[in-house]
Amino acid sequence: MHIKQIWSYIPEHIVPIRELNEVLGLNNAQTKVLEKIHGLKQVRQDRDGDLASLLGRVLTQVVNNPEVAPNSIKYIIYCHTIQENFPFPMKVLQVLKRTYGLQHAIAFSLTQQNCASGLIALNVAETLLPSLEADDHILILTGEKTFSPVVQLIPNTTVMGEASAAVLVGNKGNGSRVVGLTSVTLGQFCNVLTGTPQILREFQEIYTPRLCEAIVAAVEQAGLTLQDIRYIVPHNVNLSSWKKVAIRLSYPLERIYTSNVQEIGHCFCSDPFINLQAILEQKLLQPEEYYLLVTVGLGVTFSVAVMQYAGIGGDGRDHRIDGFFEQAQVGVNGPA
């Protein structure tokens, strides 16, 4: 399976973290922690549009791309963190399908793994692709609105921003080959933000070591070592957590793509795909080099995809991938 193309939309409107103090109920000390320790400077907001508009920005790019036949898209998987992110009885996916000529596609959502749902969608796509024709595709769609302070702030951790992404996957072609996927869910932390202070402390204690364990497991299952990994392409939760991961793994921080942390904040499920698009546009990967897509969803799910950049002329379906999925245990600018 290959990630063949990525499109993204990052709103132009910039909101400095400091301007959100009153909305998010933050004092100056809390803001300084977000800015100075976590490396969060600003977020983006699409102030002129609703959720359909935010997602439509990337769907417009997809259907207008001359290299993509819209009727080849057989499934649309919309990945979102907020379980109910549009009001009843609105049906956003059905409206988008009609608007962009994708009525033929089967559309559904993934949300159970929160911000890790985008990478979990790769697993689902791998299951669906064998039933399709060789030139058919699946579109993974991400993007959410920060419509309430409750969904925009993870206390003492990150601030959420608005952006959207679309990822075209298929059995063969240009792009990046999916070598393996490891996902580990620790259900005891399902209520980490609403549970007891003890649960929150335990989560903070296990976050870095368990994330590093998932990264190492994914790399080893792929028959590789960390020295083989050219880049870690992460979610934008904050800079401090990735510094801890780099130290624990003895992995160079400059090869963990963190530039977008301060530029756009944490954009729910979109971060890894936006960061990957930035790396590819800057030509930071050479054909045959390996990289990791890494994210964490509260609840808590650690998800790591091992990828190989194929450049021009992907080599089709990699049958070894089935074994890696079976082993899964069910977070704009140049380099930092």
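## Exercises on helices, strands and loops

**Exercise 1.** Find which backbone nitrogen a side-chain oxygen of Asp50 reaches at the start of H3.

*Solution.* Begin at the start of H3, where a side-chain oxygen of Asp50 comes to within 3.3 Å of the backbone nitrogen of Ala52. That is a polar contact (a pair of N or O atoms within 3.5 Å; within protein, one must be able to donate a hydrogen and the other to accept it, and residues adjacent in sequence count only if both atoms are side-chain atoms).

Before going on, note that this is a predicted model, in which local features need pLDDT of at least 70 and side-chain atom pairs count only at pLDDT 80 or more, while totals for chains, interfaces and linings use all residues. Residues are numbered from 1 along each chain as its sequence is written, and side-chain values use heavy atoms, with hydrogens and water left out. Helices (H or I, at least four residues) and strands (E, at least two) are DSSP runs, numbered from the N terminus.

**Exercise 2.** Check the span of H3 and say where its kink is centred.

*Solution.*
1. The expected span is 1.5 Å times one less than the number of residues.
2. For the 13 residues of H3 (residues 51-63) that comes to 18 Å, and the end C-alpha atoms are 18 Å apart, so the two agree.
3. Now look along H3 for the kink: about 30°, centred on Arg57. The bend at a residue is the angle between axes fitted to the seven residues ending there and the seven starting there.
4. Arg57 itself counts as partly exposed, at 41% relative accessibility. The cut-offs are under 20% relative accessible area for buried, over 50% for exposed, and in between for partly exposed (1.4 Å probe, protein chains only).
5. Leaving out residues up to four places away in sequence, Arg57 touches Tyr9 and Asp46. Contact here means heavy atoms within 4.5 Å.
6. Along the chain, Arg57 and Ala163 are 106 residues apart, yet their C-alpha atoms are separated by 9.6 Å.

**Exercise 3.** List the buried residues of H3 and the elements they pack against.

*Solution.*
1. The buried set is Leu51, Leu54, Leu55, Gly56, Val58, Leu59 and Val62.
2. A handy rule for reading such a list: an α-helix has 3.6 residues a turn, so residues three or four places apart point the same way.
3. The packing partners are strands S1 (2-9), S4 (73-79), S6 (137-143) and S9 (164-170), together with helix H4 (92-99).

**Exercise 4.** Work out which strands pair with S4, and where the chain goes after S4.

*Solution.*
1. Take S4 by itself: 6 of its 7 residues are buried, so the rest of the structure largely encloses this strand.
2. S4 pairs with S6 in the parallel sense over 6 bridges, with Tyr75 opposite Ile138 in S6. To count as a pair, two strands need at least two bridges found by DSSP.
3. S4 also pairs with S5 (residues 106-110), again in the parallel sense, over 5 bridges. Here Ile77 stands opposite Phe108.
4. From S4 the chain crosses through H4 to S5, a right-handed β-α-β crossover. Right-handed means that, with the strands pointing away from the viewer, the path from the first strand over the helix to the second runs clockwise.

**Exercise 5.** Is Thr81, in the loop between S4 and H4, buried or exposed?

*Solution.*
1. Thr81 has 13% relative accessibility, so it counts as buried.
2. Its side chain reaches the backbone nitrogen of Cys115 at 3.3 Å.
3. Setting aside neighbours within four places in sequence, Thr81 is in contact with residues including Asn114, Glu144 and Phe268.

**Exercise 6.** Describe S12 and the unusual backbone spots in the loops beside this strand.

*Solution.*
1. S12 (290-297) is mostly covered, with 8 of its 8 residues buried.
2. Tyr290, Leu292, Val294 and Val296 point one way, while Tyr291, Leu293, Thr295 and Gly297 point the other way.
3. S12 runs parallel to S11 (residues 229-234), joined by 5 bridges, and Pro234 stands opposite Val294.
4. In the loop between H10 (271-281) and S12 sits Lys283, with a positive phi of about 55° although this residue is not a glycine. Lys283 is exposed at 66%.
5. Glu288 is in the loop between H10 and S12 and has a positive phi of about 80°, again without being a glycine. Glu288 is partly exposed at 49%.
6. The loop between S12 and S13 (301-311) holds Val300, and the peptide bond from Gly299 to Val300 is cis, with omega near 0°.
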